[in-house]
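Please look over the model shown here, with attention to how its interior is put together. The briefing below moves from one residue to the cores and then to the chain as a whole.

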Amino acid sequence: MAEIHLDCKANRKRILIICQIKKQWLSTTQGTRHPSGSRLPASCGGLTFDEKDLKNMKKAPLPENEAERLKVLHSYNILDTLPELSFDDITRLASQISGTPIALISLVDSERQWFKSKFGLSATETPRNISFCAHAILEKDVLVVPDTLEDARFFDNPLVTGEEKIRFYAGSPLVTAKGAALGTLCVIDQTPRSLNELQVESLRALARQVMNQLELRMYIEEQEQLKSDLVAYQKILEEANSRLETASLSDDVSGFHNTRFLHSFLERFLEPAQHEERELSLVFFDMDNFKNVVDTHGHLVGTEVLREIAQAVYQQLGPEDRIVRYGGDEYVIILPGQGKDVAHIKAKQMCLGIRNTIFMQGKGLNLKLTASFGLATYPDDASDMHHLLAEADKCLFTSKENGKNRLTVK
């Protein structure tokens, strides 16, 4: 198929044209801005024209709805996108049906017409002021120009008088459901000709298919954006739920876990399908004579002391261990996967950790405290969660009865 291009090497006159083009380009590199914001040289899509040559040419008036039309065009996010087979198939078919060497899907922007698909043409765009399609979007139906030299709108157009030598044009407007003409599906030849009714109707039908593809493309893009938004929203929701769950399982006083977490953890860990060959130890401890601290220094200091106690015990634990404030000044330490021997050693370390810590030093109180401990292990001492809790609590009670500040092991 023939391609339109500028051949400026044939003779001296054409060499002069190259010089003029280069001079014009150098003088206009600070020229027009594209709607995207980038600056363009005077040449556009490989075609350059002196404004003097356009002075008397009949330019297409702007559509009455030009501002809205451009807004709709830009909403399709189609300009300056890569070629797509679904559009290229249409221009190829249009060329074959009409018997023309060139077929284009042209979108008319504010200062240019840009080709989403082109068959038989190397240029990617041309200035709007010389565009045939700028005239075609004003029409209600297919614009057919059998011979451009006999048409007052085009006889002196540079695309007609220049190297391109366009002599035939037919363009079917690409119209949205609300009546905005975005551009055309057009066919072009360098020889005067006409289209029969079947060819004209086929051009209309193919133009409708272009619009269908544009709508489909926009729909897919919107769905992808919705999917992306949904994923982002889901992530936000999951994070919010995670924060809520953490808050519901956290103890405000100690900063660690509460009894809701304790029961939930034990239920999951001790499920029949989960706990085969697995051990778990519970260490209960209760502060000795803690009521004296509260009576002497008040509830606010008592709360701070409970927090420092939890931190002191936390220093003795491994990454899988958990601290639970069971209520008042009583705590439960969960030691998953640990039998009685290991748990016994850790419980002693906790006991010493509390005994050797001076609490509320920052407030100048320098409190010395002790705690009583009880230890029970699953499955050695209990067969289920409730039995295990009860056994560990009994051991704690025994430590209290036997003088406090000690550890009792089941």
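**Contacts of Ile333**

Not counting residues up to four places away in sequence, Ile333 touches Ser281, Leu282, Val283, Phe285, Val313, Leu317, Arg322, Ile323 and Met350, where contact means heavy atoms within 4.5 Å. This is a predicted model, in which local features need pLDDT of at least 70 and side-chain atom pairs count only at pLDDT 80 or more, while totals for chains, interfaces and linings use all residues. Residues are numbered from 1 along each chain as its sequence is written, and side-chain values use heavy atoms, with hydrogens and water left out.

**Nonpolar cores**

- The largest nonpolar core (buried Ala, Val, Leu, Ile, Met, Phe, Trp, Tyr and Cys residues joined through side-chain atoms within 4.5 Å) has 32 residues, and those with the most contacts inside it are Phe285, Val305, Ile309, Ile333 and Ile354.
- Among the elements that each supply at least two residues of this core are strand 7 (280–287), helix 9 (299–314) and strand 9 (330–336), and helix 9 gives the most, with seven residues.
- Apart from this core lies another, of 31 residues, among them Phe87, Ile105, Met211 and Met218.

**Ser172**

- Ser172 has its place in strand 5 (residues 168–175), strands being DSSP runs of E of at least two residues and helices runs of H or I of at least four, numbered from the N terminus.
- Ser172 counts as buried because its relative accessibility is 4%, the cut-off being under 20% relative accessible area with a 1.4 Å probe, protein chains only.

**Whole chain**

- The protein chain holds 11 helices and 13 strands, and buried residues make up 45% of its 410 residues.

Definitions and conventions:
Buried means under 20% relative accessible area, exposed over 50%, partly exposed in between (1.4 Å probe, protein chains only).
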